[in-house]
Amino acid sequence: MRKFSRGHCPEVLSVDQAVWTERWLARRAEDFGAKFSWPQRDGMALNQHLLPGLKAQTGDHCSYCDGYPVSPPGTETIDHFRPKISHPAEAFLWSNLYFACNHCQTRREQYDEQLLRPDSVDFEFDRYFRWDFTTGEILVNQRADVADQARAEITIQLFRLNTGHPGLRRRESTRRAAMQAEPLDDFAYRGFVGA
Ligand SMILES: [Zn+2]
(Lines give C-alpha, C1' and ligand atoms only; values in the text may rest on other atoms or scores of the structure.)
Protein backbone atom coordinates (compact mmCIF):
# COMPACT_ATOMS: atom_id res chain seq x y z
CA MET A 1 0.00 0.00 0.00
CA ARG A 2 1.91 2.93 -1.34
CA LYS A 3 1.00 6.48 -0.40
CA PHE A 4 -0.39 8.60 -3.21
CA SER A 5 -1.90 12.06 -3.64
CA ARG A 6 -5.38 12.42 -5.00
CA GLY A 7 -6.02 14.85 -7.81
CA HIS A 8 -9.12 16.97 -8.31
CA CYS A 9 -12.47 15.38 -9.05
CA PRO A 10 -12.82 15.15 -12.85
CA GLU A 11 -15.61 17.13 -14.46
CA VAL A 12 -17.19 14.02 -15.97
CA LEU A 13 -18.03 13.01 -12.40
CA SER A 14 -18.62 16.35 -10.68
CA VAL A 15 -21.07 17.64 -13.26
CA ASP A 16 -23.77 15.03 -12.55
CA GLN A 17 -22.60 13.64 -9.23
CA ALA A 18 -25.56 15.00 -7.29
CA VAL A 19 -28.12 13.63 -9.76
CA TRP A 20 -26.53 10.17 -9.90
CA THR A 21 -26.25 10.02 -6.11
CA GLU A 22 -29.88 11.00 -5.69
CA ARG A 23 -30.99 8.36 -8.21
CA TRP A 24 -28.95 5.64 -6.54
CA LEU A 25 -30.31 6.59 -3.11
CA ALA A 26 -33.87 6.50 -4.47
CA ARG A 27 -33.36 3.09 -6.09
CA ARG A 28 -31.85 1.73 -2.89
CA ALA A 29 -34.76 3.11 -0.83
CA GLU A 30 -37.16 1.35 -3.19
CA ASP A 31 -35.29 -1.93 -3.36
CA PHE A 32 -32.55 -2.75 -0.88
CA GLY A 33 -31.21 -5.43 -3.23
CA ALA A 34 -30.93 -3.04 -6.18
CA LYS A 35 -27.82 -3.67 -8.24
CA PHE A 36 -25.41 -0.82 -8.74
CA SER A 37 -24.36 0.06 -12.24
CA TRP A 38 -22.29 2.94 -13.54
CA PRO A 39 -24.29 5.49 -15.54
CA GLN A 40 -23.46 6.12 -19.16
CA ARG A 41 -21.81 9.28 -20.36
CA ASP A 42 -21.09 9.97 -24.04
CA GLY A 43 -21.73 6.33 -24.93
CA MET A 44 -19.33 5.00 -22.31
CA ALA A 45 -19.83 3.81 -18.76
CA LEU A 46 -18.71 6.34 -16.17
CA ASN A 47 -16.15 3.98 -14.64
CA GLN A 48 -14.35 3.79 -17.99
CA HIS A 49 -14.13 7.59 -17.98
CA LEU A 50 -12.74 7.61 -14.44
CA LEU A 51 -10.26 4.74 -14.67
CA PRO A 52 -7.44 6.58 -16.49
CA GLY A 53 -7.35 9.38 -13.90
CA LEU A 54 -7.49 6.99 -10.97
CA LYS A 55 -4.74 4.83 -12.47
CA ALA A 56 -2.51 7.84 -13.11
CA GLN A 57 -2.61 8.68 -9.40
CA THR A 58 -1.08 5.37 -8.40
CA GLY A 59 1.16 4.95 -11.44
CA ASP A 60 -1.16 2.14 -12.61
CA HIS A 61 -0.60 0.17 -9.39
CA CYS A 62 -3.46 -1.28 -7.38
CA SER A 63 -4.17 1.25 -4.63
CA TYR A 64 -4.14 -1.39 -1.93
CA CYS A 65 -1.76 -4.25 -2.79
CA ASP A 66 0.51 -2.29 -5.17
CA GLY A 67 -0.09 -5.01 -7.75
CA TYR A 68 1.44 -4.03 -11.09
CA PRO A 69 0.62 -4.45 -13.84
CA VAL A 70 -3.00 -5.04 -12.91
CA SER A 71 -3.65 -7.51 -15.67
CA PRO A 72 -5.46 -8.70 -17.67
CA PRO A 73 -7.06 -5.30 -18.28
CA GLY A 74 -10.56 -6.74 -17.71
CA THR A 75 -9.67 -7.20 -14.05
CA GLU A 76 -9.07 -3.49 -13.48
CA THR A 77 -11.78 -2.18 -11.26
CA ILE A 78 -12.82 0.84 -9.29
CA ASP A 79 -13.28 0.06 -5.66
CA HIS A 80 -15.72 1.96 -3.49
CA PHE A 81 -13.72 2.32 -0.28
CA ARG A 82 -16.92 2.75 1.70
CA PRO A 83 -19.10 0.14 -0.04
CA LYS A 84 -21.83 1.44 -2.31
CA ILE A 85 -24.51 -0.69 -0.64
CA SER A 86 -23.86 0.28 2.96
CA HIS A 87 -22.78 3.84 2.07
CA PRO A 88 -24.90 4.69 -1.00
CA ALA A 89 -24.43 8.43 -0.52
CA GLU A 90 -20.72 7.94 -1.32
CA ALA A 91 -21.15 5.84 -4.45
CA PHE A 92 -20.24 8.83 -6.65
CA LEU A 93 -17.91 10.57 -4.25
CA TRP A 94 -14.50 11.08 -5.89
CA SER A 95 -12.57 10.57 -2.64
CA ASN A 96 -14.31 7.21 -2.16
CA LEU A 97 -13.10 5.76 -5.47
CA TYR A 98 -9.86 3.79 -5.78
CA PHE A 99 -8.19 1.98 -8.64
CA ALA A 100 -7.92 -1.67 -7.53
CA CYS A 101 -7.10 -5.11 -8.79
CA ASN A 102 -9.83 -7.70 -8.87
CA HIS A 103 -8.44 -9.52 -5.85
CA CYS A 104 -8.54 -6.48 -3.56
CA GLN A 105 -11.90 -5.44 -4.90
CA THR A 106 -13.52 -8.76 -4.02
CA ARG A 107 -13.73 -7.73 -0.35
CA ARG A 108 -16.97 -6.18 -1.66
CA GLU A 109 -19.14 -5.21 1.28
CA GLN A 110 -16.58 -5.92 3.97
CA TYR A 111 -15.69 -2.66 5.56
CA ASP A 112 -14.31 -1.32 8.79
CA GLU A 113 -13.87 2.32 9.77
CA GLN A 114 -10.30 1.49 10.77
CA LEU A 115 -9.27 0.50 7.22
CA LEU A 116 -6.27 2.49 6.03
CA ARG A 117 -6.48 4.76 3.00
CA PRO A 118 -3.28 5.14 0.99
CA ASP A 119 -4.12 8.74 0.08
CA SER A 120 -4.85 9.89 3.59
CA VAL A 121 -2.54 12.76 4.65
CA ASP A 122 -1.18 10.94 7.67
CA PHE A 123 -0.68 7.60 5.95
CA GLU A 124 2.89 6.33 5.68
CA PHE A 125 3.67 2.72 4.84
CA ASP A 126 6.39 2.48 7.51
CA ARG A 127 4.11 3.79 10.19
CA TYR A 128 1.80 0.78 9.88
CA PHE A 129 3.59 -1.99 8.01
CA ARG A 130 6.82 -3.67 7.21
CA TRP A 131 7.84 -6.22 4.62
CA ASP A 132 9.04 -9.69 5.50
CA PHE A 133 11.54 -10.11 2.71
CA THR A 134 11.96 -13.82 3.43
CA THR A 135 8.30 -14.64 2.76
CA GLY A 136 7.24 -11.64 0.67
CA GLU A 137 4.46 -10.95 3.17
CA ILE A 138 3.31 -7.60 4.41
CA LEU A 139 3.36 -7.48 8.22
CA VAL A 140 2.04 -5.23 10.95
CA ASN A 141 4.73 -2.86 12.25
CA GLN A 142 5.20 -4.16 15.79
CA ARG A 143 6.71 -0.84 16.84
CA ALA A 144 3.54 1.06 15.97
CA ASP A 145 1.17 2.01 18.75
CA VAL A 146 -1.73 -0.29 19.56
CA ALA A 147 -4.31 1.67 17.56
CA ASP A 148 -2.08 1.80 14.47
CA GLN A 149 -1.35 -1.92 14.73
CA ALA A 150 -5.08 -2.66 14.85
CA ARG A 151 -5.62 -0.59 11.71
CA ALA A 152 -2.77 -2.32 9.89
CA GLU A 153 -4.09 -5.73 10.90
CA ILE A 154 -7.64 -5.13 9.68
CA THR A 155 -6.31 -3.66 6.42
CA ILE A 156 -4.20 -6.77 5.76
CA GLN A 157 -7.17 -8.99 6.58
CA LEU A 158 -9.94 -7.29 4.64
CA PHE A 159 -7.89 -6.79 1.49
CA ARG A 160 -6.34 -10.26 2.02
CA LEU A 161 -2.95 -8.76 1.28
CA ASN A 162 -1.16 -12.02 2.10
CA THR A 163 -3.68 -14.55 0.82
CA GLY A 164 -4.01 -15.89 -2.70
CA HIS A 165 -2.77 -12.57 -3.92
CA PRO A 166 -1.30 -12.03 -7.38
CA GLY A 167 1.10 -9.42 -5.96
CA LEU A 168 2.28 -11.84 -3.32
CA ARG A 169 2.83 -14.58 -5.88
CA ARG A 170 4.99 -12.20 -7.89
CA ARG A 171 7.07 -11.28 -4.86
CA GLU A 172 7.38 -14.97 -4.06
CA SER A 173 8.66 -15.87 -7.50
CA THR A 174 11.16 -12.98 -7.38
CA ARG A 175 12.38 -14.25 -4.03
CA ARG A 176 12.75 -17.81 -5.30
CA ALA A 177 14.55 -16.66 -8.40
CA ALA A 178 17.00 -14.66 -6.26
CA MET A 179 17.47 -17.61 -3.95
CA GLN A 180 18.53 -19.90 -6.75
CA ALA A 181 21.31 -17.49 -7.65
CA GLU A 182 22.68 -17.65 -4.13
CA PRO A 183 25.25 -20.23 -3.06
CA LEU A 184 23.41 -23.11 -1.46
CA ASP A 185 24.63 -22.70 2.10
CA ASP A 186 22.73 -24.29 4.91
CA PHE A 187 20.44 -21.31 5.55
CA ALA A 188 19.38 -20.83 1.96
CA TYR A 189 18.92 -24.57 1.55
CA ARG A 190 16.52 -24.76 4.46
CA GLY A 191 14.54 -21.84 3.10
CA PHE A 192 14.51 -23.40 -0.32
CA VAL A 193 13.21 -26.83 0.68
CA GLY A 194 10.73 -25.23 3.04
CA ALA A 195 9.32 -23.08 0.26
ZN1 LIG B 1 -4.82 -5.24 -5.28
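The following paragraphs describe the overall fold, the zinc site, helix α3 and a β-hairpin in a predicted model of the protein.

The predicted model contains eight helices and six strands, and these elements succeed one another along the sequence in the pattern α-α-β-β-α-β-β-α-α-β-β-α-α-α. Of the 195 residues in the protein, 43% are buried. When contacts between residues at least 6 apart in sequence are considered, 65% of them join residues at least 24 apart.

A zinc ion is held by four cysteine sulfur atoms, the SG atoms of C62, C65, C101 and C104, each donor lying at 2.3 Å. The spacing of these donor residues in sequence is C-x2-C-x35-C-x2-C, so that the site is built from two C-x2-C pairs separated by the x35 stretch. The angles subtended at the zinc ion by the four donor atoms range from 104 to 115 degrees, and the arrangement is therefore tetrahedral. For comparison, the ideal angle for four tetrahedral donors at a metal is 109.5 degrees. Within the second pair of ligands, both C101 and C104 are buried.

Helix α3 spans residues 46-57 and comprises 12 residues, with a distance of 18 Å from its first C-alpha to its last, which is close to the 16 Å expected at 1.5 Å a residue. The buried residues of this helix are L46, N47, L50, L51, L54, K55 and Q57. Viewed down the axis of α3, these buried residues fall within an arc of 135 degrees, and they therefore line one face of the helix. Such a distribution can be read against the general geometry of an α-helix, in which there are 3.6 residues a turn, so that residues three or four places apart point the same way. On the face of α3 turned away from the buried side, P52 and A56 are exposed. The packing partners of the buried residues of α3 are both helical and extended, namely α1 (11-14) and α2 (17-30) together with the strands β2 (44-45), β3 (77-80) and β4 (97-100). Just after the helix, G59 adopts a positive phi of about 60 degrees.

Further along the chain, strand β5 (residues 129-132) and strand β6 (residues 137-140) run antiparallel and are joined by four bridges. Among the residues of this pairing, F129 has V140 of β6 as its bridge partner. The two strands form a hairpin with four residues between them, and G136, which lies in the turn, has a positive phi of about 75 degrees.

Methods
Residues are numbered from 1 along each chain as its sequence is written. This is a predicted model: local features need pLDDT of at least 70, side-chain atom pairs count only at pLDDT 80 or more; totals for chains, interfaces and linings use all residues. Side-chain values use heavy atoms; hydrogens and water are left out. Donors are N, O and S atoms within 2.8 Å of the metal (3.2 Å for Na, K and Ca); water is not among the atoms, so sites may look incomplete. Four donors count as tetrahedral if all angles lie between 85 and 135 degrees; four count as square planar and six as octahedral if opposite donors are over 155 degrees apart and all others between 65 and 115; anything else is irregular. Buried means under 20% relative accessible area, exposed over 50%, partly exposed in between (1.4 Å probe, protein chains only). Two strands pair if DSSP finds at least two bridges between them. The expected span of a helix is 1.5 Å times one less than its number of residues. The arc is that of the directions from the helix axis to the C-beta atoms. Contact means heavy atoms within 4.5 Å.
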